[in-house]
Every structure is written in C-alpha cells, then in structure tokens.
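Here are a few exercises to work through with the model open in your viewer. Try each one before reading its solution.

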Amino acid sequence: MQRIWIRDPLAIFTANESDAGGGVVIEGTTIVELVRTGATPSGQYDSVFDARSHVVLPGLINTHHHFYQTLTRAWAPVVNVPLFPWLVNLYPVWARLTPRDLELATTAALAELLLSGCTTAADHHYLFPGGMEESIDVQVSVVRRLGMRATLTRGSMTLGEDDGGLPPQQTVQDPEVILADSERLIRQYHERGAGAQVQIALAPCSPFSVTTEIMKASAALADFHDVRLHTHLAETLDEEDFCRERFGMRTVEYLDSVGWLGPRTWLAHGIHFDDSEIAQLGSAGVGVAHCPTSNMRLASGICRAIELEEAGVEVGLGVDGSASNDASNLILEARQALYLQRLRYGAERATPSRALGWATRGSATALGRSDIGELAVGKQADLAMFRMDDLRFSGSHDPLSALLLCGADRADRVMIGGRWRVEDGAVVGLDLESLIAEHSAAARRLVG
C-alpha cells in the first residue's frame, strides 16, 4: 500500500497530547506515524502532501442531525417560534416527503458537512409516512456514494395527536412495524469494528412523541444487538412539563425508568438538567450532543456542557436539523459552542481547544467509536484541512485559535479512510450546481 506523508502543517490539532508538528504518515486507510516537530518520518514513504499552508484536524464528527430538514430551512411560518409550535407547523409539511426528496436532502446535508471538514455524521430520522418505509436504505446509499461515515438512527414516533402527543397521526407507526424494521436494518447494514462506514442505532424521537413501551422495547433490542440508543432529551422546559404531567417524573428519572441510563445512550441537547441529574448522567457514562446553534435559534437554553463533561458525560457536537440551525456546518458549530459556553463559564474554561475536542474526540466517544476522532497511530486516516489565506485570517497569529475566532467555514481538503473526498474546496465527484438546483426545486414543492 502507498504511504503518504502529510508534511509540516501550519498547525495541527491531534485531540490528544501527541506532538505531530512534522505531520502524519498514512498507509492505506490508517495513520501509521505521527512525525514530531522538525523531524522526518522514521520509515519510507511514497508521496508527500505539502501542508505548510494548512491547519490539520482530525475529521470532524457530527453527533446529531436531521438530514431531511434541509428542505425546510428558514421557512417563514416558523422563523420566530420556539420548539413546540415549530414542530406543530412543520410536521404536516414533512409528512409529504418522498424518497427522492430524502435522497436530495441527505446528499445536500452530507455535502455541506463534508465541505465544513466533517467526515462522520449521525442522523436522527424518525419520519416514515406512507411510501417512506425504506428511508434509512435511501440514506445508506447516499453515505456510500459520498464516501463518508455515518451512524444512521432508525427513529420512531408512536404517540400521535389522538393519544396526547405532538405528531399528526399519519406520521406515527405501530411498535411492531418499528421493531421489525429496526432489526432488519441492523442485520442488513450495521458494520462493526475499526473503519466501519455505516452503523445503525435505535432512536425513538422524544418523550412527547413516543410511548413508554417503544422506549423499553428499543432499549432491549439495542442491548440484544449491541447497538447504540439515541433520543432528544431535556431540550426545553415544555418537554420537562410534559414528562411531569404524563409520567410523573423529570426527564432523567424517566430515562432511567425505561432502561436507557447507560453508556449505550447519547442524548440530543441535554439543556435542562439539575446538578444531581448531571452527576447521574456522568456516572452512567451517557453521551450528550451539544447543539448550540439550534438551542439559540429556538431559544431553548444553554447546555451545561462543561459541567457535563467534568462529571464524566461524553460531550460531542451536533449541528441539529437544518430547519433549526439552519446550516450543516460543523466547524462553525464548534465556534458557536465556544462562544455560547463562554457566556456561561467564561473565557478561561471555554477554550478553542476544548470546543475542537468536542467536535472530534468527544463526538467520537459519544458515538461509541474509538477508531476516529483523533490523530494517533492505528486510528483511521480521517483528516480535515483548512487554508488560512482568506482575508478573514489576515493578521491572525495562532492558527488553531483563528479557525474558530476568525470563523473558518470551509475545508480545503478532507480525507476519509485515506481517500481524498474534498479537494481544493470541492466534493470529489459531486455536481454541486445540479444538486442545488434539484434540491431547491424539491424544497419549493414540499412547502407549496
């Protein structure tokens, strides 16, 4: 196999304590050597990529998204409302999704993520109206075509309006259908071990859209197949009130009651936890996907991310659905996390390296992966590389800090498993102009 030396980067963030100032050596799909500052590789290499104009990061990892929502960005009726009315207005629109809509939306979301330096993405898809039964299959095909990695979650909604939930009845499914499809997807697509491209997780949508029974059954099925669990939790105070009224419990107590309080679980948002709940989550090894832009967009609150991390919770970053962000840009999400956390904890504790750590190693751990998220020997060769020659960086001195402080928004090069997937700021093999045209037309039809 060919060896490539990514040589002498302008700056490099390894997400660990290793010195890799001289770059990294890649053989096949993995990193085989970190080169110390001022040194050269200890072994042979076949080619060199001169990285003196690039800041090098581990491939960024997105822990929470809704790809289909790229079709309803900045839709006027929901621009100025919080979560519950936002959902009530959008559910009927989303119920009109077609398989081709989802294919276009998934392609757009993944392409945008790729261009921001993201190499692995978790998607939470919970909408399966008539004709959309093979939604996850559609997403698998797009992930493979673009050469990314993904944790695709088989979401579910079982608690419709008729039974006191938020979703319209045409968007909910019977538990038997959900569990049978979940088992099918795990057996058909879930890959294990280092270098996995597609993994499946189970993801009942939220306490206000699923029954206790499907939460318990999903936990049991995930345990049987050794896959992960995901849901929205503690995103808003309305949700907390719903849990108190319907279940007689706060959100974390409810999570424990349905068998979800363990290291298999990662949660989206996790804003409204009290001190004891943070300690409980940390002890259980639960992960949290911090989604700062969405939380600000919907005025949901500020996640106590630093306290969660210090309590033992695995904190990662998520861009969330592109109808509550409304973008799919993970390097900008790291910037938002940095600034939002500074409002709560101050500049000394919320640092650029901490935010980059959440976007890389923290996110990998939240998704249960040890083969990605950092630059180290034996890890997958997933890299994001940013140039610093735009006007926005002129006059900056610390390249790593400048990525976030000066607002980097587009990677120049992205490598996944040793293969370049973004070159010179463009996704390899993707006709972006055609994608935008067809995706935009689908979005107009959906809301029309």
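Angles between axes under 35 degrees count as roughly parallel, over 145 as roughly antiparallel, 65 to 115 as roughly perpendicular, and the rest as oblique. Keep in mind that this is a predicted model.

**Exercise 1. Work out how helix α11 and helix α12 are oriented to each other, and list the residues that make their contact.**

Solution, step by step:

- Start with what we need: two packed helices are described by the angle between their axes and the distance between the axes.
- Find the pair: α11 covers residues 330-345 and α12 covers residues 352-366. Their packing angle is about 130°, and the axes sit 9 Å apart.
- Classify the angle: about 130° falls in none of the named ranges, so α11 and α12 are oblique to each other.
- Add the handedness: the crossing of α11 past α12 is right-handed.
- List the contact: α11 brings I331, A334, A337, L338, Q341 and R342, while α12 brings P352, A355, L356, W358 and A359.
- Sort by class: nine of these residues are nonpolar, one is polar and one is charged.

**Exercise 2. Decide whether N295 is buried or exposed, and find the partner of its side chain in a polar contact.**

Solution, step by step:

- Locate the residue: N295 belongs to helix α9, residues 292-297.
- Check accessibility: buried means under 20% relative accessible area. N295 has 1%, so it counts as buried.
- Look for the polar partner: the N295 side chain makes a polar contact with the side chain of H269, at 3.0 Å.
- Fill in the surroundings: setting aside neighbours within four places in sequence, N295 touches H269, I271, H290, S300 and G301.

**Exercise 3. Inspect the backbone at A299 and D226: what is the sign of phi in A299, and what is it in D226?**

Solution, step by step:

- Take A299: phi is positive, about 55°, even though this residue is not a glycine.
- Place A299: look in the loop between α9 and α10 (305-310).
- Check its accessibility: the cut-off for exposed is over 50%. A299 reaches 67% relative accessibility and therefore counts as exposed.
- Move on to D226: phi is near 55°, again a positive value in a non-glycine residue. D226 sits in the loop between α5 (212-225) and β11 (229-233).

**Exercise 4. Which residues are joined by a cis peptide bond?**

Solution, step by step:

- Read omega: it is about 10° for the bond between N325 and D326, which is the cis peptide bond in question.
- Place D326: this residue lies in the loop that runs between β14 (314-317) and α11, the helix from Exercise 1.

Key
Residues numbered from 1 in each chain as written. Predicted model: local features only at pLDDT ≥ 70, side-chain atom pairs only at ≥ 80, totals over all residues. Heavy atoms only, no water. Axes fitted to C-alpha atoms, helices over the stretch in contact; angles between N-to-C directions. Helix = DSSP H or I, 4+ residues; strand = E, 2+ residues; numbered from the N terminus. Left-handed = near helix turned anticlockwise from the far one by under 90°. Contact = heavy atoms within 4.5 Å. Nonpolar A, V, L, I, M, F, W, Y, C, P; charged D, E, K, R; others polar. Buried < 20%, exposed > 50% of the residue type's maximum accessible area, 1.4 Å probe, protein only. Polar contact = N/O pair within 3.5 Å; in protein donor to acceptor, adjacent residues only side chain to side chain.
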